[in-house]
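Here is a briefing on the structure shown next. Please read it with the model open.

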Amino acid sequence: MSFATLRLLPRTLWRFIRALSRDDAYSAYLAHHAATHPDTPPISAREFYLREQERKWSGVSRCC
Amino acid sequence: MRKLLWACVALIGASALGGIALNRGETINAMWIVVAAVCVYALGYRFYSAWIAARVLTVDDARATPAIRLNNGRDFVPTHRWIVFGHHFAAIAGPGPLIGPTLAAQFGFLPGTLWILVGAVLGGCVQDMTILFLSTRRDGRSLGQMARDELGPIGGYAAIVGTLVIMLILIAVLGLVVVNAMKHSPWATATVFATIPIAVLIGLYLRNIRPGRVLEASLIGLALLLLAVVGGGALNEHETLRTWFDLDGKPLAWFVIAYGFIAAVLPVWLLLAPRDYLSTFLKLGTVLLLAIAVVIMSPEIKMPAVTQFIDGTGPIFGGAIFPFVFITIACGAISGFHALVASGTTPKLIGTESDVRLIGYGSMVLESSVAIMAMIAATLLDPGVFFAINSSPGIVGASAEAAVSTISSWGFPVTVEQMDRLAQDMGESTLFARTGGAPSLAVGMASIFSSAFGSGMLAVWYHFAIMFEAVFILTTLDAGTRVGRFMLQDALGHVWKPLGRTSWYPSVLIASALVVAGWGYFLYIGVVDPNGGINILWPLFGIANQLLAGIALCVATGIIIKQGKLRYAWVTAAPLAWIALITTVATWEKVMSADPRVGFLAAAEQLATKLATGALPPEQAAVAPQLIFNQRLDAALALLLTAILWVVIADTARVSWRVARGLPVLPSSEAPAVPVHAQ
């Protein structure tokens, strides 16, 4: 492992943890929205969070 | 070089397994089991899963997955495979693999351990990976839809009925586990109650203060949960406060039922979603901590490899090793429930087809290793202590003296003083007859944690473990009630349109009440039953879960045959045959056995005779008619589940026969191939 990758390790790890916990869901949505529908305003962080929860818990997402 | 390495893994694994099998000492170190398990998983993953992916499924990385084709930045998002792995594992791992092995430890450590390893590598992992792949090829369709599209309407309906029944039984049995863990334990009860306002607080934070900042909210929540564990201990010391939380089984059952209803009709962001974040963090953290602690401590296994209870006389649940070890282990080896997750959220996140190996097979390997840890935690206890905690008073006698003399007479010496000291160490008033698996697992986990990370904190570790189990049991409880409600609303919508509208409040209330009444009934009867409802409910849950696995394997086998790969059909057909066999034999015994501890009808008969001859004390006579009815209902339910399984198997056989004869069958529902570069 080179020094450069080692130096980037904390940041990679942090990104991984954020993605794993879906902490980055809204920023990912903003990026996707900006790329695909730049002409329409994105929904707010709260609106996005509430819609995501509604979607997530409408199907089987937890097991025994 | 590579080959040499894998030959070494195989050799080490074989010697560890051989060492376990040939061990003739009093105890054996848990590291033997850990090493054997790691080698078996590594070989299964490296060779079997690779072979299945290449030959049977023919994964094709040049083919765009639905996450790429339908990317919408929300549910369809191509995601790094390790992140999907984390999500998928968090979704499939629940209390099942912790409780099943704990109960199955009554047969000794060996039968359960072997089935966890073999069942996972050849059955559970294969099912999870195959269904995940098939759903990925079908735009993330659900198991029920795939059954309908590929086999026909019969398979589709069977999957729906199976899912609904398993949901009700699962929630009832998990509710019973929580009730038994809280019964007359002010510390545990106060801590579990405190998790509810903590979750609501986090829910408000995530919606109003910093929307969607899951990480920081979860960390705050975790700190509060740990505070609740310690606070529960302080409350336990207080003379009057502790009496408020010193509750009997019945009021606790009503509490769980009321909680389930309220949680199901509240908006998800308020209670369900935040508690799920907390439980996921706890789950991943505790599993990791437990793995580290097991390795540091490398405890001695005190349970014999095989006990005399393989003949069916076991005190925790009645029934012989075949088929009941397979029914009891459930989720740690093969769990049909996983097929529902593997055909839901996960396939929509997969970026490359070959990722199904890591995500499908790999997650189940990890889940299975959680089951191995639960088995270690159960069997490192003195067997006498283990049986004293897990046996119901109906079997070993109601008083402490009676229980220790019965258990010691089996050759597992234990004394009242030993149990009292243990209870005192754990901060409980008693540990006799704390059935359900959670308390004994918590004792095991507490002893592992305290000896690996410093002793003295036994009571705190014990209640941490109870809180940990309760938090994700309660998540499963309201998530399951919601899913049941949606399915019921869907069905009721065919009767009267407005009832099918998921956002119409009267319909929400009616459907939720019906679902809660369904599992609440089984939970309540389980609490009332003096022989401990676990003895009845866990086998029913096991049968239901295997039924769902059977349906999933039927769908997979049917599709493999339709694709003209008959010679590879055994990959899913062999586990299917085994599941059909154990489920059918188990149902036969649960219904027909003359032993009232095994057969539902025999138990009903025995109770009816006792009631008629006036042999029951008044308080038992009062509930006897209910218990008799319940035993007969359970018999009917077990028969229904097995009948459904055989109908689906027959339907799969019909489809396969038509394929073999060249007759027309339903067309493949696979989405057309689109190369990655066309995107």
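Gly662(B) follows helix H27(B) and has a positive phi, near 75°. The model is predicted. The points below start with that helix, then turn to chain B, its core, one buried loop residue, chain A and the interface.

**Helix H27 of chain B**
- H27(B) covers residues 618-660, which makes 43 residues.
- At 1.5 Å a residue, H27(B) should span 63 Å. Its end C-alpha atoms are 63 Å apart, so expectation and model agree.
- H27(B) has a kink of about 45° at Ala624(B). The kink lies shortly before the proline Pro625(B).
- After the helix comes Gly662(B), with the positive phi already noted.

**Chain B as a whole**
- Chain B contains 27 helices and two strands.
- Its radius of gyration is 24 Å, and the globule rule gives 26 Å for 679 residues. The two values are close, so chain B is as compact as a globular protein of that length.
- The C-alpha trace of chain B spans about 70 × 65 × 60 Å along its principal axes.
- Of the 679 residues in chain B, 57% are buried.
- Contacts in chain B often link distant parts of the sequence: among those between residues at least 6 apart, 81% join residues at least 24 apart.

**The largest nonpolar core**
- This core has 240 residues. Ile169(B) and Leu537(B) touch the most other members.
- Helix H24 of chain B, residues 534-562, gives the most to the core, with 20 residues.
- Beyond its neighbours within four places in sequence, Ile169(B) is in contact with Phe522(B), Leu537(B), Leu540(B), Phe541(B) and Ala544(B).
- In soluble globular proteins, nonpolar side chains tend to be buried together.

**Phe317 of chain B**
- Phe317(B) sits in the loop between strand E2 (300-301) and helix H14 (321-329) of chain B.
- Is Phe317(B) buried or exposed? Phe317(B) is buried, because 27 other C-beta atoms lie within 10 Å, and 20 or more suffice.
- Ile301(B) is 16 residues from Phe317(B) along the chain, and their C-alpha atoms are separated by 22 Å.
- Apart from neighbours within four places in sequence, Phe317(B) is in contact with Leu103(B), Phe324(B), Thr328(B), Ile534(B), Asn535(B), Trp538(B) and Pro539(B).

**Chain A as a whole**
- Chain A has three helices and zero strands. Along the sequence the pattern is α-α-α.
- The radius of gyration of chain A is 16 Å, but a compact globule of 64 residues would have one near 11 Å.
- Taken along the principal axes, the C-alpha atoms of chain A fill a box of roughly 45 × 45 × 15 Å.
- Buried residues are 23% of the 64 in chain A.

**Where chain A meets chain B**
- The contact involves 30 residues of chain A and 39 residues of chain B.
- On the side of chain A that touches chain B, helix H1 (3-20), helix H2 (25-36) and helix H3 (45-56) each supply at least two residues.
- H3(A) provides the largest share of that side, nine residues.
- By type, the residues of that side divide into 15 nonpolar, seven polar and eight charged.

Terms used
Residues numbered from 1 in each chain as written. Chains lettered and ligands numbered in written order. Predicted model: local features only at pLDDT ≥ 70, side-chain atom pairs only at ≥ 80, totals over all residues. Helix = DSSP H or I, 4+ residues; strand = E, 2+ residues; numbered from the N terminus. Expected span 1.5 Å × (residues − 1). Bend = angle between axes of the 7 residues up to and from the residue. Buried ≥ 20, exposed ≤ 12 C-beta atoms within 10 Å, placed from the backbone. Contact = placed C-beta atoms within 7 Å. Nonpolar A, V, L, I, M, F, W, Y, C, P; charged D, E, K, R; others polar. Rg over C-alpha atoms; globule rule 2.2 N^0.38 Å. Core = buried A, V, L, I, M, F, W, Y, C linked by C-beta atoms within 7 Å.
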